[in-house]
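Okay, everyone, thanks for squeezing in. I've got one structure to walk you through today, so let me put it up on the screen.

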Amino acid sequence: MSPKKRKKGFQTLTGMHDLLPQIQPYFQRIYQVVEGAANFYGFKKIETPILEEAELFSKGIGLSTEIVERQMYVFKTKGGEYVALRPEGTAPIVRAYIQHGMHNLPQPVKLWYFSPFFRYEHPQAGRYRQFWQFGFEVLGEESPAIDAQLIQIFFNILKELKFKNLVIEVNSIGDSECRPYYKKMLVSYFRAREHSLCSHCRERLRVNPLRVLDCKEEKCQRIKTLAPQIIDHLCQGCHQHFKEVLEFLDELGLPYHLNPYLVRGLDYYTRTVFEIFPTFPEKKKEEESFLPVALVGGGRYDVLVKWLGGKPTPASGGAAGIERIIDLMKKKEIKLPPSPRPQVFVAQLGTLAKRKALKLVEDFRKAKILVEESLGRDSLKGQLRAADRIGVRYVLILGQKEALEGTIILRDMVSGRQETIKLSRVVEEIKKRLKKF
Ligand code: AMP
(Lines give C-alpha, C1' and ligand atoms only; values in the text may rest on other atoms or scores of the structure.)
Protein backbone atom coordinates (compact mmCIF):
# COMPACT_ATOMS: atom_id res chain seq x y z
CA MET A 1 0.00 0.00 0.00
CA SER A 2 1.35 3.44 -0.83
CA PRO A 3 2.12 5.71 2.15
CA LYS A 4 -0.41 8.18 0.71
CA LYS A 5 -3.21 5.65 0.96
CA ARG A 6 -2.16 4.63 4.45
CA LYS A 7 -3.48 7.75 6.13
CA LYS A 8 -4.41 6.07 9.39
CA GLY A 9 -1.29 3.96 9.78
CA PHE A 10 -1.30 0.16 9.58
CA GLN A 11 -4.69 -1.49 10.01
CA THR A 12 -5.84 -5.11 10.18
CA LEU A 13 -6.76 -6.56 6.78
CA THR A 14 -10.41 -6.49 5.72
CA GLY A 15 -12.33 -9.24 7.47
CA MET A 16 -9.57 -9.87 10.02
CA HIS A 17 -9.59 -8.65 13.58
CA ASP A 18 -7.47 -8.43 16.70
CA LEU A 19 -8.69 -10.47 19.62
CA LEU A 20 -8.29 -7.69 22.17
CA PRO A 21 -8.09 -8.26 25.94
CA GLN A 22 -11.79 -7.45 26.39
CA ILE A 23 -12.82 -10.35 24.12
CA GLN A 24 -10.51 -12.86 25.82
CA PRO A 25 -12.86 -13.70 28.73
CA TYR A 26 -15.42 -14.86 26.13
CA PHE A 27 -12.84 -16.99 24.35
CA GLN A 28 -11.67 -18.43 27.65
CA ARG A 29 -15.20 -19.22 28.79
CA ILE A 30 -16.04 -20.96 25.51
CA TYR A 31 -12.76 -22.88 25.59
CA GLN A 32 -13.44 -24.00 29.14
CA VAL A 33 -16.95 -25.27 28.31
CA VAL A 34 -15.79 -26.99 25.10
CA GLU A 35 -12.85 -28.64 26.86
CA GLY A 36 -15.15 -29.85 29.63
CA ALA A 37 -17.48 -31.45 27.06
CA ALA A 38 -14.54 -32.97 25.15
CA ASN A 39 -13.18 -34.58 28.32
CA PHE A 40 -16.57 -35.91 29.35
CA TYR A 41 -17.30 -37.50 25.97
CA GLY A 42 -13.75 -38.85 25.54
CA PHE A 43 -12.42 -36.63 22.71
CA LYS A 44 -8.68 -35.99 22.37
CA LYS A 45 -7.39 -32.60 21.26
CA ILE A 46 -5.67 -32.17 17.89
CA GLU A 47 -4.06 -29.13 16.27
CA THR A 48 -3.10 -29.38 12.60
CA PRO A 49 -0.95 -26.81 10.72
CA ILE A 50 -2.58 -23.67 9.38
CA LEU A 51 -1.05 -24.31 5.96
CA GLU A 52 -1.79 -27.45 3.97
CA GLU A 53 -1.37 -28.58 0.39
CA ALA A 54 -4.12 -26.80 -1.57
CA GLU A 55 -5.12 -30.07 -3.18
CA LEU A 56 -6.20 -31.48 0.18
CA PHE A 57 -9.13 -29.10 0.09
CA SER A 58 -9.94 -29.26 -3.62
CA LYS A 59 -10.04 -33.07 -3.35
CA GLY A 60 -11.76 -33.14 0.04
CA ILE A 61 -14.26 -30.31 -0.02
CA GLY A 62 -14.83 -30.38 -3.78
CA LEU A 63 -13.61 -28.25 -6.68
CA SER A 64 -16.97 -26.72 -7.48
CA THR A 65 -17.83 -25.68 -3.93
CA GLU A 66 -18.01 -22.04 -2.95
CA ILE A 67 -15.16 -22.45 -0.45
CA VAL A 68 -12.67 -23.93 -2.89
CA GLU A 69 -13.76 -21.98 -5.94
CA ARG A 70 -13.95 -18.52 -4.44
CA GLN A 71 -12.93 -18.38 -0.81
CA MET A 72 -9.65 -20.17 -0.39
CA TYR A 73 -6.40 -18.31 0.24
CA VAL A 74 -4.05 -20.19 -2.10
CA PHE A 75 -0.52 -19.27 -3.03
CA LYS A 76 2.62 -20.71 -4.53
CA THR A 77 5.60 -21.06 -2.19
CA LYS A 78 9.19 -20.32 -3.12
CA GLY A 79 9.57 -24.07 -3.57
CA GLY A 80 6.79 -24.07 -6.14
CA GLU A 81 4.14 -25.89 -4.08
CA TYR A 82 0.55 -24.72 -4.04
CA VAL A 83 -0.52 -24.29 -0.42
CA ALA A 84 -3.71 -23.05 1.21
CA LEU A 85 -4.61 -21.41 4.49
CA ARG A 86 -7.01 -23.98 5.91
CA PRO A 87 -10.63 -22.97 5.28
CA GLU A 88 -12.07 -25.70 7.53
CA GLY A 89 -10.99 -28.39 9.97
CA THR A 90 -12.29 -31.73 8.75
CA ALA A 91 -10.08 -32.39 5.72
CA PRO A 92 -6.84 -31.69 7.69
CA ILE A 93 -7.99 -33.99 10.49
CA VAL A 94 -8.74 -36.75 8.01
CA ARG A 95 -5.28 -36.15 6.49
CA ALA A 96 -3.77 -36.54 9.97
CA TYR A 97 -5.85 -39.69 10.64
CA ILE A 98 -4.46 -41.30 7.50
CA GLN A 99 -0.91 -39.97 7.83
CA HIS A 100 -0.50 -41.20 11.41
CA GLY A 101 -2.15 -44.57 10.84
CA MET A 102 -4.93 -43.82 13.31
CA HIS A 103 -7.05 -46.58 11.76
CA ASN A 104 -4.78 -48.94 13.73
CA LEU A 105 -5.99 -47.42 17.01
CA PRO A 106 -9.15 -48.71 18.72
CA GLN A 107 -12.05 -47.19 16.76
CA PRO A 108 -13.72 -44.78 16.83
CA VAL A 109 -11.05 -42.10 17.06
CA LYS A 110 -12.61 -39.01 18.63
CA LEU A 111 -10.85 -35.69 18.10
CA TRP A 112 -11.58 -32.05 18.88
CA TYR A 113 -10.03 -28.71 17.96
CA PHE A 114 -10.28 -25.00 18.73
CA SER A 115 -8.51 -23.09 15.97
CA PRO A 116 -8.46 -20.23 13.44
CA PHE A 117 -9.60 -20.72 9.84
CA PHE A 118 -9.44 -18.57 6.72
CA ARG A 119 -11.94 -17.84 3.96
CA TYR A 120 -11.85 -15.01 1.50
CA GLU A 121 -15.49 -14.10 2.23
CA HIS A 122 -17.44 -11.12 1.05
CA PRO A 123 -17.01 -8.82 4.08
CA GLN A 124 -20.25 -8.55 6.06
CA ALA A 125 -21.50 -8.74 9.64
CA GLY A 126 -20.87 -12.15 11.18
CA ARG A 127 -18.55 -13.25 8.37
CA TYR A 128 -14.83 -12.87 8.77
CA ARG A 129 -11.83 -13.82 6.70
CA GLN A 130 -10.03 -15.16 9.72
CA PHE A 131 -12.42 -16.74 12.19
CA TRP A 132 -12.28 -19.34 14.93
CA GLN A 133 -14.11 -22.60 15.14
CA PHE A 134 -14.25 -25.44 17.60
CA GLY A 135 -15.17 -28.83 16.26
CA PHE A 136 -15.62 -32.49 17.11
CA GLU A 137 -14.88 -35.37 14.74
CA VAL A 138 -15.57 -39.08 15.21
CA LEU A 139 -13.73 -41.36 12.78
CA GLY A 140 -14.37 -45.07 12.36
CA GLU A 141 -17.98 -45.26 13.51
CA GLU A 142 -21.06 -45.71 11.36
CA SER A 143 -23.75 -45.77 14.02
CA PRO A 144 -26.50 -43.14 13.85
CA ALA A 145 -26.14 -42.86 17.64
CA ILE A 146 -22.88 -40.96 17.03
CA ASP A 147 -24.62 -38.41 14.79
CA ALA A 148 -27.22 -37.83 17.50
CA GLN A 149 -24.54 -37.62 20.19
CA LEU A 150 -22.54 -35.05 18.21
CA ILE A 151 -25.66 -32.90 17.90
CA GLN A 152 -26.23 -33.35 21.63
CA ILE A 153 -22.64 -32.24 22.41
CA PHE A 154 -22.95 -28.98 20.44
CA PHE A 155 -26.39 -28.41 21.92
CA ASN A 156 -25.08 -28.97 25.47
CA ILE A 157 -22.21 -26.56 24.92
CA LEU A 158 -24.50 -23.79 23.68
CA LYS A 159 -26.88 -24.46 26.58
CA GLU A 160 -24.02 -24.26 29.05
CA LEU A 161 -23.07 -20.93 27.47
CA LYS A 162 -26.63 -19.85 28.39
CA PHE A 163 -28.25 -19.91 24.96
CA LYS A 164 -31.98 -20.48 25.02
CA ASN A 165 -34.41 -21.25 22.17
CA LEU A 166 -31.91 -23.25 20.16
CA VAL A 167 -33.22 -25.01 17.08
CA ILE A 168 -31.56 -27.95 15.42
CA GLU A 169 -32.18 -28.50 11.74
CA VAL A 170 -31.49 -31.96 10.33
CA ASN A 171 -31.69 -33.68 7.00
CA SER A 172 -30.20 -36.64 5.20
CA ILE A 173 -28.56 -36.11 1.83
CA GLY A 174 -28.18 -39.82 1.05
CA ASP A 175 -25.08 -41.54 -0.27
CA SER A 176 -23.54 -42.64 -3.57
CA GLU A 177 -26.33 -45.18 -4.01
CA CYS A 178 -29.33 -42.86 -3.84
CA ARG A 179 -28.01 -39.32 -4.33
CA PRO A 180 -27.07 -39.54 -8.05
CA TYR A 181 -30.63 -40.61 -8.92
CA TYR A 182 -32.11 -37.84 -6.77
CA LYS A 183 -29.73 -35.30 -8.31
CA LYS A 184 -30.99 -36.26 -11.77
CA MET A 185 -34.60 -35.75 -10.69
CA LEU A 186 -33.71 -32.43 -9.16
CA VAL A 187 -31.86 -31.23 -12.23
CA SER A 188 -34.74 -32.14 -14.53
CA TYR A 189 -37.20 -30.36 -12.19
CA PHE A 190 -35.11 -27.17 -12.12
CA ARG A 191 -34.16 -27.33 -15.81
CA ALA A 192 -37.84 -27.02 -16.68
CA ARG A 193 -37.92 -23.82 -14.59
CA GLU A 194 -34.41 -22.58 -15.30
CA HIS A 195 -35.51 -19.22 -16.71
CA SER A 196 -36.99 -18.29 -13.30
CA LEU A 197 -33.86 -19.12 -11.29
CA CYS A 198 -31.25 -16.56 -10.28
CA SER A 199 -28.01 -16.52 -12.28
CA HIS A 200 -26.09 -18.21 -9.45
CA CYS A 201 -28.54 -21.09 -9.37
CA ARG A 202 -28.39 -21.54 -13.11
CA GLU A 203 -24.66 -22.06 -12.64
CA ARG A 204 -25.21 -24.28 -9.57
CA LEU A 205 -27.55 -26.43 -11.61
CA ARG A 206 -24.59 -27.29 -13.79
CA VAL A 207 -21.95 -27.85 -11.12
CA ASN A 208 -23.64 -28.51 -7.78
CA PRO A 209 -27.42 -28.87 -8.16
CA LEU A 210 -28.10 -29.64 -4.49
CA ARG A 211 -27.01 -26.11 -3.62
CA VAL A 212 -29.99 -24.67 -5.50
CA LEU A 213 -32.02 -25.94 -2.56
CA ASP A 214 -30.38 -23.63 -0.05
CA CYS A 215 -30.32 -20.49 -2.22
CA LYS A 216 -31.59 -17.50 -0.25
CA GLU A 217 -33.06 -15.65 -3.30
CA GLU A 218 -36.82 -15.34 -3.00
CA LYS A 219 -37.60 -16.48 -6.54
CA CYS A 220 -35.48 -19.62 -6.13
CA GLN A 221 -37.04 -20.31 -2.73
CA ARG A 222 -40.50 -20.22 -4.32
CA ILE A 223 -39.53 -22.71 -7.01
CA LYS A 224 -37.91 -25.13 -4.62
CA THR A 225 -41.05 -25.58 -2.51
CA LEU A 226 -42.40 -28.02 -5.10
CA ALA A 227 -39.07 -29.66 -5.90
CA PRO A 228 -38.66 -33.37 -5.13
CA GLN A 229 -37.32 -33.95 -1.60
CA ILE A 230 -34.45 -36.30 -0.98
CA ILE A 231 -36.12 -37.75 2.08
CA ASP A 232 -38.60 -39.47 -0.28
CA HIS A 233 -35.81 -40.91 -2.40
CA LEU A 234 -33.30 -42.31 0.09
CA CYS A 235 -32.08 -45.86 -0.44
CA GLN A 236 -32.95 -48.48 2.17
CA GLY A 237 -29.65 -48.07 4.07
CA CYS A 238 -29.82 -44.28 4.24
CA HIS A 239 -33.51 -44.32 5.10
CA GLN A 240 -32.93 -46.67 8.05
CA HIS A 241 -29.88 -44.70 9.21
CA PHE A 242 -31.76 -41.40 9.19
CA LYS A 243 -34.80 -42.94 10.90
CA GLU A 244 -32.54 -44.07 13.72
CA VAL A 245 -30.82 -40.66 13.99
CA LEU A 246 -34.26 -39.09 14.49
CA GLU A 247 -35.25 -41.75 17.02
CA PHE A 248 -32.09 -41.03 19.02
CA LEU A 249 -32.79 -37.29 18.88
CA ASP A 250 -36.32 -37.99 20.14
CA GLU A 251 -34.91 -40.13 22.90
CA LEU A 252 -32.57 -37.30 23.93
CA GLY A 253 -35.48 -34.85 23.85
CA LEU A 254 -33.66 -32.47 21.51
CA PRO A 255 -35.78 -29.80 19.75
CA TYR A 256 -35.05 -30.63 16.13
CA HIS A 257 -36.75 -29.59 12.94
CA LEU A 258 -36.61 -31.57 9.68
CA ASN A 259 -35.38 -29.29 6.92
CA PRO A 260 -35.55 -31.00 3.50
CA TYR A 261 -33.58 -28.11 1.96
CA LEU A 262 -30.57 -28.38 4.24
CA VAL A 263 -27.71 -29.65 2.06
CA ARG A 264 -24.53 -27.94 3.41
CA GLY A 265 -21.88 -26.57 1.12
CA LEU A 266 -19.23 -29.26 0.98
CA ASP A 267 -19.04 -32.32 -1.27
CA TYR A 268 -17.86 -34.76 1.38
CA TYR A 269 -21.11 -34.96 3.30
CA THR A 270 -23.16 -38.16 3.22
CA ARG A 271 -26.36 -39.04 5.03
CA THR A 272 -26.94 -36.90 8.14
CA VAL A 273 -26.42 -33.14 7.93
CA PHE A 274 -27.31 -30.66 10.68
CA GLU A 275 -27.15 -27.03 11.70
CA ILE A 276 -27.98 -25.32 14.98
CA PHE A 277 -29.60 -21.88 15.04
CA PRO A 278 -30.07 -19.49 17.91
CA THR A 279 -33.82 -19.02 17.27
CA PHE A 280 -36.51 -20.70 15.26
CA PRO A 281 -35.56 -20.32 11.56
CA GLU A 282 -38.79 -18.55 10.51
CA LYS A 283 -38.20 -15.88 13.12
CA LYS A 284 -34.51 -15.75 12.43
CA LYS A 285 -34.67 -13.08 9.79
CA GLU A 286 -36.20 -10.33 11.92
CA GLU A 287 -34.61 -11.24 15.22
CA GLU A 288 -31.10 -12.05 14.14
CA SER A 289 -30.93 -10.03 10.97
CA PHE A 290 -27.26 -9.34 11.53
CA LEU A 291 -26.54 -13.04 11.97
CA PRO A 292 -28.47 -14.86 9.28
CA VAL A 293 -26.40 -18.04 9.56
CA ALA A 294 -26.06 -21.02 11.84
CA LEU A 295 -23.90 -21.19 14.95
CA VAL A 296 -23.01 -24.83 14.27
CA GLY A 297 -22.88 -26.96 11.15
CA GLY A 298 -21.92 -30.54 10.56
CA GLY A 299 -22.74 -33.99 9.32
CA ARG A 300 -21.55 -37.41 8.31
CA TYR A 301 -18.71 -37.84 5.82
CA ASP A 302 -18.38 -41.55 5.15
CA VAL A 303 -16.49 -41.06 1.86
CA LEU A 304 -13.81 -38.57 2.86
CA VAL A 305 -11.15 -40.88 4.32
CA LYS A 306 -11.23 -42.93 1.13
CA TRP A 307 -11.20 -39.84 -1.10
CA LEU A 308 -8.05 -38.65 0.62
CA GLY A 309 -6.28 -41.99 0.17
CA GLY A 310 -7.21 -43.93 3.31
CA LYS A 311 -9.22 -47.10 3.86
CA PRO A 312 -13.00 -46.66 3.64
CA THR A 313 -13.88 -45.28 7.10
CA PRO A 314 -17.26 -43.94 8.20
CA ALA A 315 -17.05 -40.63 10.06
CA SER A 316 -19.14 -37.78 11.40
CA GLY A 317 -18.45 -34.36 12.87
CA GLY A 318 -19.32 -30.70 13.17
CA ALA A 319 -17.95 -27.21 13.83
CA ALA A 320 -19.15 -24.08 15.59
CA GLY A 321 -18.27 -20.47 14.80
CA ILE A 322 -16.73 -18.86 17.87
CA GLU A 323 -17.09 -15.20 16.77
CA ARG A 324 -20.76 -15.85 15.97
CA ILE A 325 -21.28 -17.30 19.42
CA ILE A 326 -19.54 -14.33 21.03
CA ASP A 327 -21.46 -11.77 18.93
CA LEU A 328 -24.69 -13.35 20.04
CA MET A 329 -23.63 -13.69 23.68
CA LYS A 330 -22.98 -9.95 23.66
CA LYS A 331 -26.19 -9.11 21.84
CA LYS A 332 -28.25 -11.21 24.22
CA GLU A 333 -26.25 -9.79 27.14
CA ILE A 334 -25.33 -13.24 28.36
CA LYS A 335 -23.17 -12.75 31.44
CA LEU A 336 -19.87 -14.52 31.94
CA PRO A 337 -19.16 -16.09 35.33
CA PRO A 338 -17.15 -13.48 37.27
CA SER A 339 -13.39 -14.01 37.15
CA PRO A 340 -11.61 -14.12 40.54
CA ARG A 341 -10.76 -10.62 41.73
CA PRO A 342 -7.85 -9.70 43.98
CA GLN A 343 -8.87 -8.85 47.53
CA VAL A 344 -5.47 -7.48 48.55
CA PHE A 345 -3.50 -4.43 47.41
CA VAL A 346 0.14 -3.91 48.27
CA ALA A 347 1.11 -0.22 48.54
CA GLN A 348 4.62 1.05 49.18
CA LEU A 349 6.47 4.27 49.90
CA GLY A 350 10.24 4.67 49.51
CA THR A 351 13.03 2.65 47.89
CA LEU A 352 13.51 0.06 50.62
CA ALA A 353 9.75 -0.47 50.93
CA LYS A 354 9.45 -0.93 47.19
CA ARG A 355 12.08 -3.65 47.27
CA LYS A 356 10.31 -5.45 50.11
CA ALA A 357 6.94 -5.03 48.37
CA LEU A 358 8.30 -6.67 45.23
CA LYS A 359 9.33 -9.67 47.32
CA LEU A 360 6.02 -9.70 49.20
CA VAL A 361 4.06 -9.96 45.92
CA GLU A 362 6.07 -13.11 45.15
CA ASP A 363 5.25 -14.55 48.61
CA PHE A 364 1.55 -14.06 47.87
CA ARG A 365 1.94 -15.71 44.45
CA LYS A 366 3.51 -18.77 46.11
CA ALA A 367 0.60 -18.89 48.55
CA LYS A 368 -1.81 -18.65 45.54
CA ILE A 369 -3.40 -15.45 46.83
CA LEU A 370 -4.27 -12.87 44.17
CA VAL A 371 -2.80 -9.44 44.91
CA GLU A 372 -2.76 -6.19 43.03
CA GLU A 373 0.04 -3.64 43.21
CA SER A 374 1.17 -0.47 41.57
CA LEU A 375 4.91 -0.63 41.92
CA GLY A 376 5.41 1.98 39.24
CA ARG A 377 3.64 4.58 41.34
CA ASP A 378 5.47 6.48 44.07
CA SER A 379 2.65 8.50 45.59
CA LEU A 380 0.77 6.72 48.37
CA LYS A 381 -2.37 8.70 47.56
CA GLY A 382 -2.33 7.49 43.95
CA GLN A 383 -1.87 3.89 45.07
CA LEU A 384 -4.72 4.09 47.57
CA ARG A 385 -6.96 5.53 44.87
CA ALA A 386 -6.06 2.59 42.61
CA ALA A 387 -6.84 0.15 45.45
CA ASP A 388 -10.19 1.85 45.93
CA ARG A 389 -11.02 1.59 42.21
CA ILE A 390 -10.35 -2.14 42.20
CA GLY A 391 -12.48 -2.53 45.32
CA VAL A 392 -10.11 -4.73 47.38
CA ARG A 393 -10.95 -5.73 50.94
CA TYR A 394 -7.43 -5.24 52.36
CA VAL A 395 -4.67 -2.76 51.65
CA LEU A 396 -1.16 -3.48 52.92
CA ILE A 397 1.00 -0.40 53.34
CA LEU A 398 4.78 -0.58 53.55
CA GLY A 399 6.45 2.74 54.38
CA GLN A 400 10.08 3.52 55.10
CA LYS A 401 9.55 3.03 58.85
CA GLU A 402 7.76 -0.33 58.47
CA ALA A 403 10.39 -1.54 56.01
CA LEU A 404 13.12 -0.82 58.54
CA GLU A 405 11.18 -2.42 61.43
CA GLY A 406 10.07 -5.50 59.47
CA THR A 407 6.37 -4.65 59.91
CA ILE A 408 3.46 -3.70 57.63
CA ILE A 409 0.20 -1.79 58.02
CA LEU A 410 -2.94 -3.80 57.32
CA ARG A 411 -6.00 -1.71 56.56
CA ASP A 412 -9.46 -3.27 56.36
CA MET A 413 -11.27 -1.23 53.69
CA VAL A 414 -14.74 -2.16 55.00
CA SER A 415 -14.32 -1.34 58.68
CA GLY A 416 -11.62 1.27 58.08
CA ARG A 417 -9.61 -0.32 60.93
CA GLN A 418 -5.85 -0.23 60.63
CA GLU A 419 -3.23 -2.25 62.50
CA THR A 420 0.50 -2.90 62.29
CA ILE A 421 1.62 -6.52 62.05
CA LYS A 422 4.88 -8.36 61.45
CA LEU A 423 5.85 -8.51 57.79
CA SER A 424 6.81 -12.19 58.16
CA ARG A 425 3.25 -13.02 59.31
CA VAL A 426 1.28 -11.05 56.76
CA VAL A 427 0.68 -13.81 54.19
CA GLU A 428 -0.65 -16.17 56.90
CA GLU A 429 -2.80 -13.40 58.39
CA ILE A 430 -4.38 -12.53 55.03
CA LYS A 431 -4.96 -16.21 54.26
CA LYS A 432 -6.81 -16.57 57.60
CA ARG A 433 -8.95 -13.51 56.99
CA LEU A 434 -9.83 -14.42 53.39
CA LYS A 435 -11.02 -17.86 54.56
CA LYS A 436 -13.74 -16.14 56.60
CA PHE A 437 -15.43 -14.79 53.41
P1 AMP B 1 -18.94 -24.33 8.06
O2 AMP B 1 -17.53 -24.73 8.26
O3 AMP B 1 -19.15 -23.43 6.88
O4 AMP B 1 -19.90 -25.44 8.16
O5 AMP B 1 -19.29 -23.38 9.29
C6 AMP B 1 -19.51 -23.83 10.59
C7 AMP B 1 -19.79 -22.62 11.45
O8 AMP B 1 -18.64 -21.76 11.45
C9 AMP B 1 -20.91 -21.74 10.92
O10 AMP B 1 -22.15 -22.19 11.37
C11 AMP B 1 -20.54 -20.39 11.49
O12 AMP B 1 -20.97 -20.28 12.81
C13 AMP B 1 -19.02 -20.41 11.45
N14 AMP B 1 -18.47 -19.70 10.27
C15 AMP B 1 -18.34 -20.18 9.01
N16 AMP B 1 -17.79 -19.26 8.20
C17 AMP B 1 -17.54 -18.17 8.97
C18 AMP B 1 -16.96 -16.87 8.71
N19 AMP B 1 -16.51 -16.53 7.53
N20 AMP B 1 -16.88 -16.00 9.74
C21 AMP B 1 -17.31 -16.35 10.97
N22 AMP B 1 -17.85 -17.54 11.27
C23 AMP B 1 -17.97 -18.45 10.29
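Here's one to start with: by class, how many nonpolar, polar and charged residues does the lining of the second largest pocket have? Have a think while I say that what you're looking at is a predicted model. Right, the lining has nine nonpolar residues, five polar ones and six charged ones.

Let's stay with that pocket for a moment. Its volume comes out at about 260 Å³. There are 20 residues lining the second largest pocket, and closest to its centre you'll find Arg-179, Lys-183, Leu-210, Asp-267 and Tyr-269. If you're wondering which element gives the most to that lining, it's helix 6, residues 179–191, with three residues.

Okay, on to the ligand. Around the ligand there are 14 residues, and the ones that come nearest are Arg-119, Gln-133, Arg-264, Ala-294 and Arg-324. So what kind of company is that, by class? The shell divides into six nonpolar, three polar and five charged residues.

Now for the individual polar contacts, which I know some of you will want to scribble down. The side chain of Glu-121 has an N or O atom 2.8 Å from a nitrogen atom of the ligand. With Tyr-128 it's the backbone that takes part: one of its polar backbone atoms is 2.9 Å from a ligand nitrogen. And then there's Gln-133, where an N or O atom of the side chain is 2.8 Å from an oxygen atom of the ligand.

How much of the ligand's accessible area does the protein cover? On its own the ligand has 480 Å² of accessible area, and the protein covers 91% of that. As for where the shell comes from, the elements giving two or more residues to it are strand 6 (130–139) and strand 11 (315–321).

Next, the closed-off space inside. The count comes to one cavity of 30 Å³ or more. The largest cavity has a volume of about 40 Å³. Its lining includes Ile-46, Glu-47, Arg-86, Tyr-113, Ser-115 and Phe-117. By class, that lining has five nonpolar, three polar and three charged residues. Helix 4 (90–99) and strand 5 (109–118) each put in at least two residues, and strand 5 gives the most, with three.

While we're in that part of the chain, take a look at the loop between helix 4 and strand 5, because there's a detail there. Pro-108 sits in that loop, and a cis peptide bond joins Gln-107 to Pro-108, with omega about -5°.

Another backbone detail, over in strand 9 (residues 270–277): that's where Arg-271 lies. Its phi is near 55°, a positive value in a residue other than glycine.

Last thing, zooming out. The domain assignment gives the chain domain 1, made of 24–178 + 234–331, and domain 2, which is 344–434. The C-alpha centres of domain 1 and domain 2 lie 51 Å apart. Okay, that's me done, over to you.

Conventions
Residues numbered from 1 in each chain as written. Predicted model: local features only at pLDDT ≥ 70, side-chain atom pairs only at ≥ 80, totals over all residues. Heavy atoms only, no water. Near = heavy atom within 4 Å. Polar contact = N/O pair within 3.5 Å; in protein donor to acceptor, adjacent residues only side chain to side chain. Areas by Shrake-Rupley, 256 points an atom, 1.4 Å probe, with all protein chains shown as cover. Helix = DSSP H or I, 4+ residues; strand = E, 2+ residues; numbered from the N terminus. Nonpolar A, V, L, I, M, F, W, Y, C, P; charged D, E, K, R; others polar. 1 Å grid on protein atoms, 1.4 Å probe; cavity = no way out; pocket = protein on both sides within 12 Å on 5 of 7 lines; lining within 4 Å. Points joined across faces, edges and corners; volume = space filled by probe spheres on them. Domains from an automatic or database assignment.
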